[in-house]
Amino acid sequence: MAVFRSLLEVATPCAVALGNFDGVHLGHQAVIQAVLGRAGIPTVLTFDPHPREYFTGKTGFLLAPERERTAAILALGIAQVLVLPFDEQIAATEAGAFVERVLVAGLGARFVSVGWNFRFGKERAGTTEMLQSYSRAGAFDIEILAERQVGGRRVSSSAIREALGCGDLDLARLLLGRAYGLEGEVVRGDQRGRLLGFATANLQVSGRKFLPKDGVYLVSARWGVQQRWGLLNLGLRPTFDGLRRTIEVHVLDWEGDLYGQHMKIALERYLRPEQKFGSPGELVAQLHRDREAALKVIAGHP
């Protein structure tokens, strides 16, 4: 993968899409694809950690942590991604200095694309108007992408998080342009699912990743060359007085050892909220009903 973390590694001159691009939603995709076919190597310049993480210290809100984000960007046809560390030095860099040192001198930018509301530089003083002034002076060509709307709704990361928090996967998919996903390594759990007759893969997801509403989901699971349907339970497992939020995937019609596999999950349908049952037997009965509900959805799936 052509993912770099230093200006010295990047091939130049570049056509640069500049932004944080959390989620790589439809609005971000428009900014990114604007560099394709322009003068210069199609390049995305982004940052990690997200500036909001850096300034607030809060995590758990990213729609796409770095690994997911760079993979989604490269899938759009981008030649290289530069992920600059957002640190004290970057945060203190004046906007004009950032343009001159990073975009012009470092990347040899011939073309720059940004979203309509993008801000950058110390105290977020850098604006699209500033970038336009550099363009008028002949530093590079520029395109500023307008706000994207789909079905009358503004496309934004916050709107996607709100939809996911309500279990509205259809709206999240509409704004993202794809199903929302989770991914991580399958790790050992307490084996309780196996004892109940519903063996689960316990997914260890980045703590920086935004998790949707607790509950049971129909998902598509991929690992290695395998792709299968599954049931995902996200939550505290209240029937067993759980104290830690877990992500457990029961792969339908599958038996085998999944430990250590990197699994990717696409959330296809929200089936029901998480519930506390009076006994393990009641939970098992509900799991069978969940399986039947999932199979009905799958039967109607293209």
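Over the ring of which residue does the charged end of arginine 188 sit? In this predicted model, the charged end of arginine 188 is placed over the ring of tyrosine 259, at 4.0 Å from the centre of that ring. An arrangement of this kind also involves arginine 52, whose charged end sits over the ring of phenylalanine 61, 4.0 Å from its centre.

Phenylalanine 61 leads on to another arginine, since its backbone oxygen lies 3.1 Å from a polar atom of the side chain of arginine 161. Arginine 161 belongs to helix 7, which spans residues 157-165, and it has a relative accessible area of 16%, so it counts as buried, the limit being under 20%. Leaving aside residues up to four places away in sequence, arginine 161 touches Asp22, Arg52, Phe61, Leu63 and Phe210. Both partners of the charge-over-ring arrangement described above, Arg52 and Phe61, are therefore included among the contacts of arginine 161.

The aromatic side chains offer a second route through the model, which holds 10 aromatic pairs. One of them joins tyrosine 54 and phenylalanine 86 in an edge-to-face geometry, with 5.3 Å from centre to centre and 70° between the planes. Because tyrosine 54 lies in helix 2 (residues 51-56), whereas phenylalanine 86 lies in the loop between strand 4 (80-85) and helix 4 (88-91), this pair ties together parts that are 32 residues apart in sequence. The two partners are unlike in their exposure: tyrosine 54 is partly exposed, at 32% relative accessibility, while phenylalanine 86 is buried, with a relative accessible area of 12%.

Phenylalanine 86 also pairs with phenylalanine 55, again edge-to-face, with the ring centres 5.7 Å apart and 70° between the planes. Here phenylalanine 55 is the partner in helix 2 and phenylalanine 86 the one in the loop between strand 4 and helix 4, so that the pair ties together parts 31 residues apart in sequence. Phenylalanine 55 is itself exposed, with a relative accessible area of 57%, in contrast to the buried phenylalanine 86.

How far do these ring pairs extend, and which residues do they link into a cluster? The cluster linked by ring pairs consists of Phe47, Tyr54, Phe55, Phe86, Phe98, Phe118 and Phe120, and it thus takes in the two helix 2 residues, tyrosine 54 and phenylalanine 55, together with their shared partner phenylalanine 86.

Technical notes:
Residues numbered from 1 in each chain as written. Predicted model: local features only at pLDDT ≥ 70, side-chain atom pairs only at ≥ 80, totals over all residues. Heavy atoms only, no water. Helix = DSSP H or I, 4+ residues; strand = E, 2+ residues; numbered from the N terminus. Buried < 20%, exposed > 50% of the residue type's maximum accessible area, 1.4 Å probe, protein only. Polar contact = N/O pair within 3.5 Å; in protein donor to acceptor, adjacent residues only side chain to side chain. Contact = heavy atoms within 4.5 Å. Phe/Tyr/Trp six-rings, centres within 6.5 Å; stacked < 30°, edge-to-face > 60°. Lys NZ or Arg CZ within 6 Å of the ring centre and 35° of its normal.
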